[in-house]
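Me: Could you take a close look at one part for me, the place where the two chains meet? I would like a connected account of what sits there.

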Amino acid sequence: MTATAIEANGLGLGYGRRGHRALDGCSFRVPAGRVCALAGPNGAGKSSLLALAAGLLRPTGGTLRVLDGIPSDARGSTSRAEGLRGRIAYVAQDKPLYPQLTIGETLRLGHELNRGRWDAALAERIVEEGGGLDPAARIRSLSGGQRTRVALALALAKRPELMLLDEPMADLDPLARHRLTAALMTEAADHGTTIVISSHILSELEATCDYVLLLDGGRVRLAGETEDLISAHTLLTGPVADLPDHTVVESRTTGRQLTALVRGSSAVGGGWQTAQPSLEELLMAHLRSPDAPPMLTPSAEVATA
Amino acid sequence: MSTLTTSRLRLRPRGVTWLVAHQHRRILTTAAVLLVATAVVTSGLRIAYEATPYDDTATGLFTNSAYRGGIAAVADFFAHAALLLPLLVAAVVAGPMVARELESGTYKLVWTQSVDPARWFAAKVALPAVAVGVVTIGLIGLFRVLWGPAAGDYRLSWHERQVFLVLGPTLLAYGLLAVTVGALTGLLVRRTVVAMSAAGLATGTAMAAMFALSEYLWAPASATSGDPDSVQIVPGEFVVDTGLLTASGERLPDSVCFVQQYAACYTEHGVVGRWWDYHPDSHLWPLQLVESGIVLALAAAVAYAAFRIFRSRHA
């Protein structure tokens, strides 16, 4: 088995006294070196999962191991926890930066708080590329997209082993999105960085991610290699009739035509047209059918002790 | 840029210390400028006063006693301003330094860098503590410069609360208490403006409570006289309590004879004189040290609580 970037075992996170659960009994594994899409609708628990992995929140149930450490546990082993923090980069959804600092001062912050890891040249290259941002410009004067660029520069220049990016591209124009995605993927390929990137724009994920984690209502619905998940499902189209003996994720009838997404790749007879679903079709079908059983590929399964 | 700064870094703050100092450099600079301005005004007045002959009315701009009057007025203002310093410190630490980070989410940026969040929080406490130490010790020294010639002024008796505080380490102790109260409040309240008010209020309450206790922190001296109608005190002595004295040596409160025919009342109760408890000048230092010790212990307890809460809630 390959090295593990993230391993959750019965992971739960409850908010408030009423015990609303952002995450509920999540068990999954993300192997190291993957670019993992964290998909799911709003409120699915994506941000909570990333904040837990970054060590900003503490689980209320289960365990979460990141790069073989426990991110929220700094007591007892301060030096190890500090080491772990240095190996993980996190960009929160709202891209928190100090508005009164300039871009140059913000990069200095990265240098000061990541001594020994900081790659100043990379940070400056990402900030200057494309937009040509002035290092003397204050963060508060930047547009949303420019702030994202600075936040990603901070995360990348730390040279992390694992990047946790929460809706990083939401406020970028398509060109900037393309450029920054390319920079991220280059980094991941060159250094074997694991990237977990959350988005609710499903089409955006398909091109870049080779691993998928679908969350819905605080639970894991799908986890595994994108290719394996896609090939484990078949899209059937044909006249309305009894579906063959497969696990049906979703079926819809339009007039006399029936479209169904089923588990299994074996050829089916009976006049069905078969096709491979796209990642978006696969994810949407699961989100529209909350009762479909979850599916984890072997590499995403947690070995239960 | 980075090569240029690295060579200068040796003498400069690094890591989280750099961040916290850089974030709050305006308020640090303002405090330094105000301290220097106070030093200039204070020493200027004192030098002018010392340089003016006692009976000079012809050559100087002002007479010697006019300078003394001015010094007394400035010292009076100085002492009252210093009284407010702990409240200000608590508000600044609670609001802009701690709660704003939690409110605006910038803590997420700092806590996910390579530095342990507890070290960041320690810098958020240590840096203002050092600044408060420098400023209060400076103010205590400067106040002494003014107080020398004007100590006889009724507004500047050592036992006036605001004067007492700025005469010794109590001001430093309350400043440090304010830093820890501010840090704890900012951590608990997490809203800039609310945290500022709450921290100011908490520090003010602590100061008021300690004021009520302060005169009991060192055993007062006692004295008696044969005249029930007057207290014979030397200027500068601080009378804590007084009452009527009977022939048997019993102490009665004044309220016993708050009647029209008080002379008859005295006879009736066998009053032969008056007693009073007071703090002489020499009690300034014992009172200062005991109160500073208590306040510093309180500050240490609040700091401990703040770090425990920080550790248990966040990383």
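Reply: Happy to; here is a walk through the contact between the chains, followed by the cavities. Please keep in mind that this is a predicted model.

The contact draws on 34 residues of chain A and 31 residues of chain B. Together the chains bury about 3,100 Å², with carbon and sulfur atoms giving 57% of that area. On the chain A side, the most area is lost by A:Tyr98, A:Arg108 and A:Leu113, which together make up 23% of what that side buries.

Turning to polar features, two salt bridges cross the interface of chain A and chain B. A:Asp94 forms a salt bridge with B:Lys108, their closest N and O atoms lying 3.5 Å apart. Eleven residue pairs are in polar contact across this interface. On chain A, helix H2 (78–87), strand E5 (88–91) and helix H3 (103–113) each supply at least two residues to the side that touches chain B. H3(A) gives the most, with seven residues. By class, that side of chain A has 14 nonpolar, eight polar and twelve charged residues.

Now for the cavities: the whole structure holds two of 30 Å³ or more. The largest has a volume of about 110 Å³. Its lining has 14 residues, and A:Tyr90, A:Val91, A:Ala92, B:Leu109 and B:Thr112 lie nearest its centre. E5 and helix H5 (144–157) of chain A, along with helix H5 (106–111) of chain B, each supply at least two lining residues. That lining comprises nine nonpolar, two polar and three charged residues.

Conventions. Residues numbered from 1 in each chain as written. Chains lettered and ligands numbered in written order. Predicted model: local features only at pLDDT ≥ 70, side-chain atom pairs only at ≥ 80, totals over all residues. Heavy atoms only, no water. Contact = heavy atoms within 4.5 Å. Buried area = accessible area lost by both parts, 1.4 Å probe. Salt bridge = Lys/Arg side-chain N within 4 Å of Asp/Glu carboxyl O. Polar contact = N/O pair within 3.5 Å; in protein donor to acceptor, adjacent residues only side chain to side chain. Helix = DSSP H or I, 4+ residues; strand = E, 2+ residues; numbered from the N terminus. Nonpolar A, V, L, I, M, F, W, Y, C, P; charged D, E, K, R; others polar. 1 Å grid on protein atoms, 1.4 Å probe; cavity = no way out; pocket = protein on both sides within 12 Å on 5 of 7 lines; lining within 4 Å. Points joined across faces, edges and corners; volume = space filled by probe spheres on them.
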